Amino acid sequence: MFQNQPKGLYALALANTGERFGYYTMLAIFTLFLQAKFGFSSVATSNIFAGFLAFVYFLPILGGILADKFGYGKMVTAGIVIMFVGYTFLAVPVGNDGLGIAAMFGALFLIALGTGLFKGNLQVMVGNLYDDPKYADKRDTAFSLFYMAINIGALFAPTAASKITEYFMGNAGLKYQGDIPALCHEYIDKGQQMATESLNTLTQFAQNQVAAFNGDLAAFAHKYIDELSLSYHYGFAVACISLIVSMLIYQAFKKTFKHADVNTKQAAAAGQQTENVVELTPAQTKSRVTALILVFAVVIFFWMAFHQNGLTLTFFARDYTARAAGGAMGMSFNVLNLVFVIALIYSLFSLFQSKIAKTRLISGAVALLSVVFLVWKYLSLEPGSTIEILPQMFQQFNPFFVVALTPVSLAVFGALAKRGKEPSAPRKIGIGMIIAAIGFAVMALASMGLPTPNPDGATVVDSNLLVSPSVLISTYLVLTFAELFLSPMGISFVSKVAPPKYKGLMMGLWFGATAVGNYLVSIIGMLWGHMSLWALWSILIVLCLISALFIFSMMKRLENATK
């Protein structure tokens, strides 16, 4: 899996890991921040969240056009700098008035613009490494490894965000509870006129915060919102630090991928040999571009469904999921335990695949150490003990499953390839859409009988109705299988099929399709509270199945375009 890959892959992957860690730390708490600080409704929050994601994935089109003209590396460097400025603005605590909202939108635009310059062009350079015939057959594996590196950064992000929230809230003598920010805003707006059940919930919670409550519920509501918002601002500052690390890695190892930082215009100007660049006829170029556009049309609906993780699935985690877990499930919310699970999986693969005795010995030792650690942690649990779960903590499971399952997927696809039965990239995308539908079927079944959300305020759900954390964990597991079939394979497909002179643009359009899907995320968010939960998830099930049917109906045309 890691053998015989160009060194530039690891340098580019690590640079991306640093940037993604900061991005996903920010994204883990972003919708919670919007509702906690500004008191936005689910509709407003959905539109802001989806609009931001749309810009993040739409602006790589601009980044691709600029890179085709000025060079990939220049755009990557500029992107890191612009993102740093944006995250800095977002990390500065400001009020929740009009000026604060304007500052927030300005920061989001800079982050989106910087990401647009950085993300797609970095991936184009990864693809360029594999234009060399020496590495051509490792392209799909390379993008799976690159995608895994992205998710290593994302794996630790929710924990970083949660620890910062817990630390600063604890210093203020406060404790986080998902429904309290909305109740605080409701009390500030309505006072004692708010619903009796909501008022009682807020009052009881405030009375339990002895160090921060002096009997004035209005003062407590303001204090709670201010302290929680401040902790979120500090969470955003993590991205600034991670971007510094990303820039250092990118600059320090530039020589390992310098040869991949050349577009066709630069190569022609320098008089470089282009024997590895295939000259396409106009008809071939049209066929390839058409195939890519058809794939882009399908992935729109995957990202519409998948990126509910930062919106409605986070709402579900906050309002409908048990806030504590014990035993093995409780252990899964500790990222260190997840790291040891990953170490166990990788060491076992190395143990059985390596042909070197020393490597097998080391792998066996790591596997044994991982098992001993996990067993010791489990036996050390006190009977009946539980850990509290913050809603953003569920977002660590998707990257965990990506990292843990990547060697499994590569082994399966590798075995199929040896037998000549590996599915083509378009076929994998179609399979991924079917799997995504299954993921939301899990949510639909688990949501049967749950009350409809309150779209304009707090959703107070009886503790007896809260579902097990295993529901969301299972959903993220299934969606991760779908993602592994679709996302790294799709990126690899674009880098392979895109006509050479349009590589930057085509990679930008891949992100453009993602942008459209991300904006459509808001549709489900706007329906939050206006229909039963099971019906809401059913919309996504139907869209995924229709998309799968479409891509399978176009399969012959898509596969012919790659020949």
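Biologist: Which helix does Lys286 lie in?

Modeller: This is a predicted model. In it, the helix that spans residues 282-306 holds Lys286. That helix is H11.

Biologist: Is Lys286 buried or exposed?

Modeller: Exposed means over 50% relative accessible area. Lys286 has 62% relative accessibility, so it counts as exposed.

Biologist: How far apart are the C-alpha atoms of Lys286 and Pro499?

Modeller: Along the chain, 213 residues separate Lys286 from Pro499. In space, their C-alpha atoms are separated by 9.1 Å.

Biologist: Where is Ile435, and is this residue buried or exposed?

Modeller: Ile435 has its place in helix H17. The cut-off for buried is under 20% relative accessible area. Ile435 has 16%, so it is buried.

Biologist: Which residues are in contact with Ile435, leaving aside neighbours within four places in sequence?

Modeller: One of them is Ala482, 47 residues away along the chain, with a C-alpha separation of 5.2 Å. The full set in contact with Ile435 is Val478, Phe481, Ala482 and Phe485.

Biologist: How many of the residues of helix H12 are buried?

Modeller: Helix H12 covers residues 312-319. Its buried residues include Phe315, Phe316, Arg318 and Asp319. The helix is largely enclosed by the rest of the structure, because the buried count is 8 of the 8 residues.

Biologist: What covers the buried residues of H12?

Modeller: Several helices do, among them H1 and H2 (42-58). The cover also includes H17 (425-446), H18 (469-497), H19 (503-527) and H20 (533-553).

Biologist: Which residues have the most contacts inside the largest nonpolar core?

Modeller: That core has 175 residues. Helix H1 (residues 7-38) gives the most to it, with 16 residues. The residues with the most contacts inside the core are Phe52, Tyr224, Phe316 and Trp537.

Biologist: What does Phe316 contact, leaving aside neighbours within four places in sequence?

Modeller: Phe316 is one of the buried residues of H12. Its contacts include Thr321, Met443, Ser447, Leu450 and Val467. The others are Leu472, Trp528, Leu533 and Trp537.

Biologist: Is Gly79 buried or exposed?

Modeller: Gly79 has its place in helix H4 (residues 72-91). Not counting residues up to four places away in sequence, Gly79 touches Gly114, Leu117 and Phe118. Its relative accessible area is 0%, so Gly79 is buried.

Biologist: Which residues are in contact with Asn151, leaving aside neighbours within four places in sequence?

Modeller: Asn151 is found in helix H6 (residues 139-171). At 5% relative accessibility, this residue counts as buried. Its contacts are Asn398, Pro399, Val402 and Val403.

Biologist: How many helices and strands are there, and what is the radius of gyration of the protein?

Modeller: There are 21 helices and 2 strands. The globule rule gives 24 Å for 563 residues, and the protein is close to that value, so it is as compact as a globular protein of that length. The radius of gyration is 24 Å.

Biologist: What share of contacts between residues at least 6 apart in sequence join residues at least 24 apart?

Modeller: Buried residues make up 55% of the 563 residues. Among the contacts you ask about, the share is 87%.

Biologist: How far apart do the centres of the positive and negative side chains lie?

Modeller: The protein has 36 positive and 26 negative side chains. The centres of the two sets lie 16 Å apart.

Definitions and conventions
Residues are numbered from 1 along each chain as its sequence is written. This is a predicted model: local features need pLDDT of at least 70, side-chain atom pairs count only at pLDDT 80 or more; totals for chains, interfaces and linings use all residues. Side-chain values use heavy atoms; hydrogens and water are left out. A nonpolar core is a set of buried Ala, Val, Leu, Ile, Met, Phe, Trp, Tyr and Cys residues joined through side-chain atoms within 4.5 Å. Buried means under 20% relative accessible area, exposed over 50%, partly exposed in between (1.4 Å probe, protein chains only). Helices (H or I, at least four residues) and strands (E, at least two) are DSSP runs, numbered from the N terminus. Contact means heavy atoms within 4.5 Å. The radius of gyration is taken over C-alpha atoms; the globule rule is 2.2 Å times the number of residues to the power 0.38. Lys and Arg count as positive and Asp and Glu as negative; His and the chain ends are not counted. The place of a charge is taken as NZ of Lys, CZ of Arg, CG of Asp or CD of Glu.
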